[in-house]
Amino acid sequence: MVSIPWQSRGFKIWAAQSGDGALFRDRGHLDDAEQERFALRFGNLVPHPTIGASKGTASIIDVDSVRPASRVDLWHSDGTFVDAYPKITVLRGVVIPPSGGDTVWSNTAAAYLDLPLPLQRLADELWAVHTNDYGVRTSGEADKKYYDEIFTRTIYETEHPVVRVHPETGERTLVLGYYVQRFVGIPKYDGQKLLDLFQSHITAPENTVRWNWKEGDLAIWDNRATQHYAVNDYGDARRIVRRATIDGDLPVSVDRRCSVTRIKATKQPPANVT
Ligand SMILES: [Fe+2]
C-alpha cells in the first residue's frame, strides 16, 4: 500500500506514485471501474453509509449539481458522523463548468500547528459529537425528501477526539467541520464559539490549496488530515464529480482513546397507504 505522509505545512502535488499528500493529475477519461481500481491502491473500497454506492460499483457516489443536496459548499471531512470514517477519497472530474466549481482543501495538521500552545492543549482534551442529522439547509422539497429519506435514513452520532494522532505519520490533526453538532461537556453556545475559533485556523488561506478542475482530473486526499469545500459559484452550469472512498481506521486521541459511535438509528420505512 502507498503511504501518504502528510507534511506539516502545505500540500505536495502528486508525482506518479510518490505517495505525497494530495494529488491531482490529468488522468484522461477514466470510467468508474478504472477509478475504483486506482483507489484500491490505498485500501478497501467502502460505500457511503447511507447513500450507498452507484449501481455496479463498490463505493462510487455521483455528485451532480442538478441533484438534491449536491453542492457541498461546507467545510468538512468526508463521513465523520461514523467512527472509522474514510481515510482516503478519490474524486474524478466528469463534467466541469466553464468557470468556477473549484474545490478547496485545508491541511488540518498545519491548522493544529498554527494554534497557540494553550489552544493546542485545549483541543487535545476536547471531544466532539458528529452527526449526519444536522438539519436540511434549504427549503426545496427535493432537498428535504433526499435528506429525510436517503441521507438520514440511518442517523449517526459519533464522538471523535478533536485531535487525532495520524496512524501513519504520528501528526496531530484536527477532526472538526460541518458534521460537528456539539462538544462533549460544553454548552452549545460556548461550543459554537470554540468551533468557529478552530475552524478559522483550518480555513486560513495559509493552510489551504484550491484546485480548478478540468474534465478528467483526479484528486486524491488523505481524509484524516484534511477538510474540503466545494465552491458554489457556477450558477446553473452543470458540474458532475464522482467520488470513491477507502475504508478508514478508528481515530485515536492523544491519550490513546478511540472514537465511539453513540447512536446508530435506522428509520422505519414509511407505512404503505393504500
Ligand atoms: Fe466531501
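A residue counts as buried here if 20 or more other C-beta atoms lie within 10 Å of its own, and as exposed if 12 or fewer do. This tour covers a predicted model, so keep that in mind at each stop.

**Stop 1: the whole chain**

Show the protein as a cartoon. The protein has 274 residues, and 38% of them are buried. Five helices and 14 strands are assigned. Of the contacts between residues at least 6 apart in sequence, 81% join residues at least 24 apart.

**Stop 2: helix H5**

Select residues 188-202, which form helix H5. Its 15 residues, at 1.5 Å each, should span 21 Å, and the end C-alpha atoms are 20 Å apart, which agrees.

Now show the side chains of Leu195, Phe198, His201 and Ile202, the buried residues of H5. Turn the view until you look down the helix axis. These buried residues fall within an arc of 120°, so they line one face of H5. An α-helix has 3.6 residues a turn, so residues three or four places apart point the same way.

Which residues are exposed on the other side of H5? Select Tyr189, Lys193, Asp196 and Ser200 to see them.

Return to the buried face and add its surroundings. The buried residues of H5 pack against S4, H2, S9 and S12, and also against helix H3 (117-125) and strand S8 (172-174).

**Stop 3: the largest nonpolar core**

Stay with Phe198 and hide its neighbours within four places in sequence. Beyond those neighbours, Phe198 is in contact with Ala123, Leu174 and Leu176.

Phe198 also belongs to the largest nonpolar core, which has 23 residues. Select Tyr112, Ala123, Ala128, Val162, Leu174 and Leu176 along with Phe198: these members touch the most other members. Helix H2 (108-114), strand S9 (180-183) and H5 each supply at least two residues of this core. Which element gives the most to this core? The answer is H2, with four residues.

A second, separate core has 21 residues. To find this second core, select Ile88, Val94, Trp213 and Ala244, which are among its members.

**Stop 4: the four-stranded sheet**

Next, colour the strands of an open sheet in the order S9-S5-S6-S14, where the pairing is antiparallel. S9 and S14 are the edge strands, each pairing on one side only. From one strand to the next, the twist averages 15°.

Work across the sheet by pairs:

- Select 127-131 (S5) and 154-161 (S6), which pair in the antiparallel sense over five bridges. For one of these bridges, pick His130, whose partner in S6 is Thr158.
- Add 260-266 (S14), which runs antiparallel to S6 and is joined to S6 by six bridges. Here Tyr156 has Lys264 as its bridge partner in S14, while Ile155 has Ala265.

**Stop 5: Arg182**

Go to the edge strand S9 and select Arg182, which is found there. Is Arg182 buried, exposed or partly exposed? With 17 other C-beta atoms within 10 Å, Arg182 is partly exposed.

Draw a distance between the C-alpha atoms of Arg182 and Ala128. These two residues are 54 residues apart along the chain, yet the C-alpha atoms are separated by 5.8 Å. Leaving aside neighbours within four places in sequence, Arg182 is in contact with Val129, Lys188 and Gly191.

**Stop 6: the three-stranded sheet**

Finally, select another open sheet, with three strands in the order S10-S4-S12 and antiparallel pairing. The edge strands are S10 (208-211) and S12 (226-230), each of which pairs on one side only. The twist averages 20° from one strand to the next.

Begin with S4 (residues 103-107), which pairs with S10 in the antiparallel sense over four bridges. One pair to select is Val104 and its bridge partner in S10, Arg210. Then move to S12, which is joined to S4 by five bridges and runs antiparallel. Ser106 stands opposite Gln227 of S12.

End on S12 itself. How many of its five residues are buried? Five are, and S12 is mostly covered. Select Thr226, His228 and Ala230 for one side, then Gln227 and Tyr229 for the other. Both faces of S12 are covered.

Note on methods:
Residues are numbered from 1 along each chain as its sequence is written. This is a predicted model: local features need pLDDT of at least 70, side-chain atom pairs count only at pLDDT 80 or more; totals for chains, interfaces and linings use all residues. Two strands pair if DSSP finds at least two bridges between them. Axes are lines fitted to C-alpha atoms, for helices over the stretch in contact, and angles run from 0 to 180 degrees between N-to-C directions. A nonpolar core is a set of buried Ala, Val, Leu, Ile, Met, Phe, Trp, Tyr and Cys residues joined through C-beta atoms within 7 Å. Two residues are in contact if their C-beta atoms, placed from the backbone, lie within 7 Å. The expected span of a helix is 1.5 Å times one less than its number of residues. The arc is that of the directions from the helix axis to the C-beta atoms.
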